[in-house]
Amino acid sequence: FRTMKTNTPDVATHLIDNPAGHITNIGNFLRNNSLDELPQIYSIVTGDMSLVGPRPALHNQDDLIQLRKKLNIFTYKPGVTGWAQVNGRDELSIENKVLHDKYYCENQNFFFDLKILLLTVIKVVKKTGISH
């Protein structure tokens, strides 16, 4: 499910000057419809991820990784969706994403997860919060 062109710089998408110029045609479709998340089902089945939790950080998202380490967010299993995703997704600053992750970790329970899953479906259908 490659969504970026092969010559794209190896940095977080939000650090690329023109992210749209690096997304493939099929990648644009996959991202806009959140279909690029489907391979993560394998990670859920193997127990490496859960449906809900802090989104995994890319290896090159140093700012996000450092803030999460500071707040012990890495002690929680990453998820396909999370509180930050339903509260702004790509529109949130790194600091706000981490604060939403922290809030989720401190308040995690079955009904909160269910709420996040329902809000995720709404966000995906409405295609809100996607910037690239």
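**Exercise 1. Find where Gln66 sits and classify its accessibility.**

*Solution.* Start with the accessible area: Gln66 has a relative value of 49% and is therefore partly exposed. The classes are buried for under 20% relative accessible area, exposed for over 50%, and partly exposed in between, using a 1.4 Å probe and protein chains only. Next, place the residue: Gln66 belongs to helix α3, residues 62-70. Helices (H or I, at least four residues) and strands (E, at least two) are DSSP runs, numbered from the N terminus. Finally, take a distance: the C-alpha atoms of Gln66 and Asn96 are separated by 14 Å, with their positions 30 residues apart along the chain.

A word on the model before going on. This is a predicted model, in which local features need pLDDT of at least 70 and side-chain atom pairs count only at pLDDT 80 or more, while totals for chains, interfaces and linings use all residues. Residues are numbered from 1 along each chain as its sequence is written, and side-chain values use heavy atoms, with hydrogens and water left out.

**Exercise 2. Work out which residues of helix α1 are buried, and on which side of α1 they lie.**

*Solution.* Go through α1, residues 25-32: the buried residues are Gly27, Leu30 and Arg31. They lie on the same side of α1 because they cover an arc of only 95° around the axis; the arc is that of the directions from the helix axis to the C-beta atoms. An α-helix has 3.6 residues a turn, so residues three or four places apart point the same way. Now turn to the other side of α1, where Asn25 and Ile26 are exposed. One last step past the helix: Ser34, just after α1, takes a positive phi of about 55°.

**Exercise 3. Count the salt bridges and describe each one.**

*Solution.* Apply the rule: a salt bridge is a side-chain nitrogen of Lys or Arg within 4 Å of a carboxyl oxygen of Asp or Glu. The count comes to two salt bridges.

- Arg68 pairs with Asp101, and their closest N and O atoms are 2.7 Å apart. This pair links distant parts of the chain, with Arg68 in helix α3 and Asp101 in helix α5 (residues 94-107), 33 residues apart. Both partners, Arg68 and Asp101, are buried.
- Lys102 and Glu106 form a salt bridge through their side chains, at 2.3 Å from N to O. Because they are four residues apart in helix α5, Lys102 and Glu106 are separated by about one helical turn. Lys102 has a relative accessible area of 28% and is partly exposed, whereas Glu106, at 53%, is exposed.

**Exercise 4. Describe the largest pocket by its volume and by its lining.**

*Solution.* First, the meaning of a pocket: on a 1 Å grid over the protein atoms alone, it is an open set of points where a 1.4 Å probe fits, with protein on both sides within 12 Å along at least five of seven lines, and its lining residues have an atom within 4 Å of a point. The volume is the space filled by probe spheres set on the points, and grid points are joined across faces, edges and corners.

The largest pocket has a volume of about 1,400 Å³. Its lining has 50 residues, and those nearest the centre are Arg31, Asp36, Glu37, Arg55 and Asp90. By element, α2 (40-45), α3, β2 (79-81), α4 (83-86), α5 and α6 (110-126) each supply at least two lining residues. The largest share comes from α6, with four residues. By chemistry, the lining divides into 23 nonpolar, 14 polar and 13 charged residues. Here Ala, Val, Leu, Ile, Met, Phe, Trp, Tyr, Cys and Pro count as nonpolar, Asp, Glu, Lys and Arg as charged, and the others, Gly among them, as polar.

**Exercise 5. Locate Glu95 and Leu64, and give a C-alpha distance for each.**

*Solution.* Take Glu95 first: this residue is in helix α5 and, at 48% relative accessibility, is partly exposed. Glu95 lies 7.5 Å from Leu67, C-alpha to C-alpha, and the two are 28 residues apart in sequence. Then take Leu64, a residue of helix α3 that is buried at 4% relative accessible area. Between Leu64 and Leu35 the C-alpha distance is 24 Å, and their sequence separation is 29 residues.
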